[in-house]
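Please work through the exercises below with the sequence and the model in view. Each task is followed by a solution in steps.

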Amino acid sequence: MSAPVIAAIVAVVLAIIGIVGIIVPVLPGSITIVIGFLVWAIFAGSWPVWVAFAIGAILLITGMIIGWVLTGRGLRKKQVPNRSVLIGLGFGIVGLFVLPAFGLPIGFAVGLVASEYVRVREFRAALDSSWTAVKALGLGMVIELMCALVATTILAISVFVHFIWL
């Protein structure tokens with residue numbers, strides 16, 4: 001097998017892992033996809049591949065930034081501290097091992113509500129601020145995922161073009 005073929009396989013596998021990493025935020029999703037793009041660009045080396053890398057990297061970085069900004073804005077709107085989100089993430093990671101299929105979101109939600117309840121001392125207010133946090137994180141995740149899917153499509157097109165036309 002030639003180096004471009006191996007690089008294409010590695011890039012596609014990293015893109016798939018990256019998309020899963022965005023949906024299940026244990027892996028750095030967009031960064032993994034950028035690394036896959038870079039591997040592909042280095043080993044394929046043609047100018048269309050480098051153009052695809054540039055466009056994909058811009059999309060992925062933009063998706064991450066917009067996701068972070070919207071998530072942060074939503075959390076500040078309800079004054080949800082980062083500590084509550086981190087506790088929710090900790091519970092989510094534990095939940096991932098306890099209930100492999102659904103543990104991460106369930107653990108995150110339970111940890112977030114528990115942390116918010118300790119902070120505000122009222123269950124209804126804790127649920128309200130936790131729901132706002134979940135919506136903010138979800139919106140950021142959806143935007144990052146959409147950018148990642150477009151970037152991955154560009155990667156697939158560049159692989160196709162490289163092997164069919166170049």
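The exercises cover the fold, a charged pair, a backbone angle, a pocket and the nonpolar cores.

The model is predicted, so local features need pLDDT of at least 70 and side-chain atom pairs count only at pLDDT 80 or more, while totals for chains, interfaces and linings use all residues. Residues are numbered from 1 along each chain as its sequence is written, and side-chain values use heavy atoms, with hydrogens and water left out.

**Exercise 1. Describe the secondary structure and the extent of the chain.**

Step 1. Helices (H or I, at least four residues) and strands (E, at least two) are taken as DSSP runs, numbered from the N terminus. The chain has six helices and zero strands.

Step 2. The C-alpha trace spans about 65 × 30 × 20 Å along its principal axes.

Step 3. Of the 166 residues, 39% are buried. Here buried means under 20% relative accessible area, exposed over 50%, and partly exposed in between (1.4 Å probe, protein chains only).

**Exercise 2. Locate the salt bridge and describe its two residues.**

Step 1. The criterion is a side-chain nitrogen of Lys or Arg within 4 Å of a carboxyl oxygen of Asp or Glu. By this rule there is one salt bridge.

Step 2. The partners are Glu116 and Arg119, with an N to O distance of 2.6 Å. Both lie in helix α5 (residues 103–120), three residues apart, about one turn of the helix.

Step 3. Glu116 is buried, at 0% relative accessible area, whereas Arg119 is partly exposed, at 32%.

**Exercise 3. Examine the phi angle of Arg121.**

Step 1. Most residues other than glycine have a negative phi.

Step 2. Arg121 is not a glycine, yet has a positive phi of about 60°.

Step 3. Arg121 is in the loop between α5 and α6 (123–165), and counts as exposed at 62% relative accessibility.

**Exercise 4. Characterise the largest pocket and its lining.**

Step 1. On a 1 Å grid over the protein atoms alone, a pocket is an open set of points where a 1.4 Å probe fits, with protein on both sides within 12 Å along at least five of seven lines; lining residues have an atom within 4 Å of a point. Grid points are joined across faces, edges and corners, and a volume is the space filled by probe spheres set on the points.

Step 2. The largest pocket has a volume of about 850 Å³. Of its 33 lining residues, Ile22, Pro25, Leu89, Leu137 and Met141 are the closest to the centre.

Step 3. Helix α3 (47–77) gives the most to this lining, with seven residues.

**Exercise 5. Identify the nonpolar cores and place Leu155 and Ala148 in their surroundings.**

Step 1. A nonpolar core is a set of buried Ala, Val, Leu, Ile, Met, Phe, Trp, Tyr and Cys residues joined through side-chain atoms within 4.5 Å.

Step 2. The largest core has 22 residues, and Ile33, Phe37, Trp40, Leu60 and Leu155 have the most contacts inside it. The elements that give two or more residues to this core are α1, α2, α3 and α6. A second, separate core of six residues includes Leu75, Val80, Val85 and Phe108.

Step 3. With contact meaning heavy atoms within 4.5 Å, and residues up to four places away in sequence not counted, Leu155 touches Ala11, Val12, Ala15, Phe37 and Trp40.

Step 4. Ala148, in helix α6, is buried, with a relative accessible area of 0%. By the same exclusion of residues up to four places away, Ala148 touches Ile22, Ile33 and Leu60.
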